[in-house]
Amino acid sequence: MIDPLSATFAALADPTRRAILARLAKGETSVTELAQPFEMSLPAVTKHLKVLERAGLITRSRTAQWRPCRLAPAPLKTANDWLEHYRRFWEGSFDRLEDYLADLQGQPRPKRTRKVAPPKKARTGEKT
């Protein structure tokens with residue numbers, strides 16, 4: 001079984017699925033409406049929706065013959081939280097490099113417009 005974070009990133013790897021999520025960010029809609037902008041069959045779009053649903057990124061319900069799809073934000077928040085750790089790490093690394101280069105050139109260190117927080121420690125059981 002694939003872990004939820006890996007399933008999220010695997011689902012987001014496809015540009016069609018990212019476009020579907022972007023559309024669902026505007027509100028729920030039907031499978032038929034989701035399929036309209038794509039040059040592919042309805043069964044092909046349905047396969048993309050199944051991948052998104054298995055990853056927990058969308059939910060689908062049934063109201064008579066209407067099958068509305070909705071964005072499920074929890075997996076995206078989990079992915080964002082995971083990425084945030086690395087964003088802080090790289091920002092801090094680039095800031096230190098900028099300071100080092102300024103020192104080499106004998107220039108004053110640049111002023112920061114943002115406060116760089118130290119990277120969060122990984123929670124127990126997480127791989128980094």
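Biologist: Is Phe94 buried or exposed in this model?

Modeller: This is a predicted model, and in it Phe94 is found in helix H5, which covers residues 74–104. A residue counts as exposed when its relative accessible area is over 50%. Phe94 has a relative accessible area of 51%, so this residue is exposed.

Biologist: Which residues make the nonpolar surface patch of about 750 Å²?

Modeller: Phe94, which has a relative accessible area of 51%, is one of the residues of this patch. Phe89 is also part of the patch, and at 34% relative accessibility Phe89 counts as partly exposed, as does Trp90 at 47%. The complete list is Phe89, Trp90, Phe94, Leu97, Tyr100, Leu101 and Leu104.

Biologist: What kind of aromatic pair do Phe89 and Trp90 make?

Modeller: A pair of aromatic rings is described by the distance of the centres and the angle of the planes. A search of the whole structure finds four aromatic pairs. The rings of Phe89 and Trp90 have their centres 5.0 Å apart and their planes at 80°, and because planes over 60 degrees apart count in this class, the pair is edge-to-face.

Biologist: Which residues are linked in a network of salt bridges?

Modeller: Side chains of opposite charge can pair when their charged atoms come close. Arg88 forms a salt bridge with Glu84, with the closest N and O atoms 3.3 Å apart, while Arg87 forms a salt bridge with Glu91, where the closest N and O atoms are 2.7 Å apart. The network of salt bridges links Glu84, Arg87, Arg88 and Glu91.

Biologist: Is Arg88 buried or exposed?

Modeller: Arg88 lies in helix H5 together with Glu84, four residues apart, about one turn of the helix. The cut-off for a buried residue is a relative accessible area under 20%. Arg88 has a relative accessible area of 12%, so Arg88 is buried.

Biologist: How many residues apart are Arg70 and Glu28, whose side chains meet in a salt bridge?

Modeller: The closest approach of this pair is 2.6 Å, taken from N to O. Arg70 is in strand E3 (residues 68–71), whereas Glu28 is in the loop between H2 and strand E1 (29–30). The pair therefore links distant parts of the chain, with Arg70 partly exposed at 33% relative accessibility and Glu28 partly exposed at 35%. The two residues are 42 residues apart.

Biologist: Within what arc do the buried residues of H1 fall, seen down the axis of the helix?

Modeller: In helix H1 (residues 4–12), the buried residues are Leu5, Ala7, Thr8 and Ala11. An α-helix has 3.6 residues a turn, so residues three or four places apart point the same way. The buried residues of H1 line one face of the helix, because seen down its axis they fall within an arc of 160°.

Biologist: Which helices do the buried residues of H1 pack against?

Modeller: The chain has five helices and three strands, and read along the sequence it follows the pattern α-α-β-α-α-β-β-α. The buried residues of H1, among them Leu5 and Ala11, have several helices as packing partners. Those partners are helix H2 (15–24), helix H4 (42–54) and H5.

Biologist: What percentage of the 128 residues of the chain count as buried?

Modeller: The accessible surface of the chain comes to about 9300 Å², of which 58% belongs to carbon and sulfur atoms. A residue counts as buried when its relative accessible area is under 20%. Of the 128 residues, the share that counts as buried is 30%.

Methods:
Residues are numbered from 1 along each chain as its sequence is written. This is a predicted model: local features need pLDDT of at least 70, side-chain atom pairs count only at pLDDT 80 or more; totals for chains, interfaces and linings use all residues. Side-chain values use heavy atoms; hydrogens and water are left out. Patches are made of residues with over 30% relative accessible area and no salt bridge: like charges are joined within 9 Å, nonpolar side chains (Val, Leu, Ile, Met, Phe, Trp, Tyr) within 5 Å. Accessible areas come from the Shrake-Rupley method with a 1.4 Å probe; for residues, only the protein chains shown count as cover. A salt bridge is a side-chain nitrogen of Lys or Arg within 4 Å of a carboxyl oxygen of Asp or Glu. Buried means under 20% relative accessible area, exposed over 50%, partly exposed in between (1.4 Å probe, protein chains only). The arc is that of the directions from the helix axis to the C-beta atoms. Contact means heavy atoms within 4.5 Å. Rings of Phe, Tyr and Trp (its six-membered ring) pair if their centres lie within 6.5 Å; planes under 30 degrees apart count as stacked, over 60 as edge-to-face and the rest as tilted.
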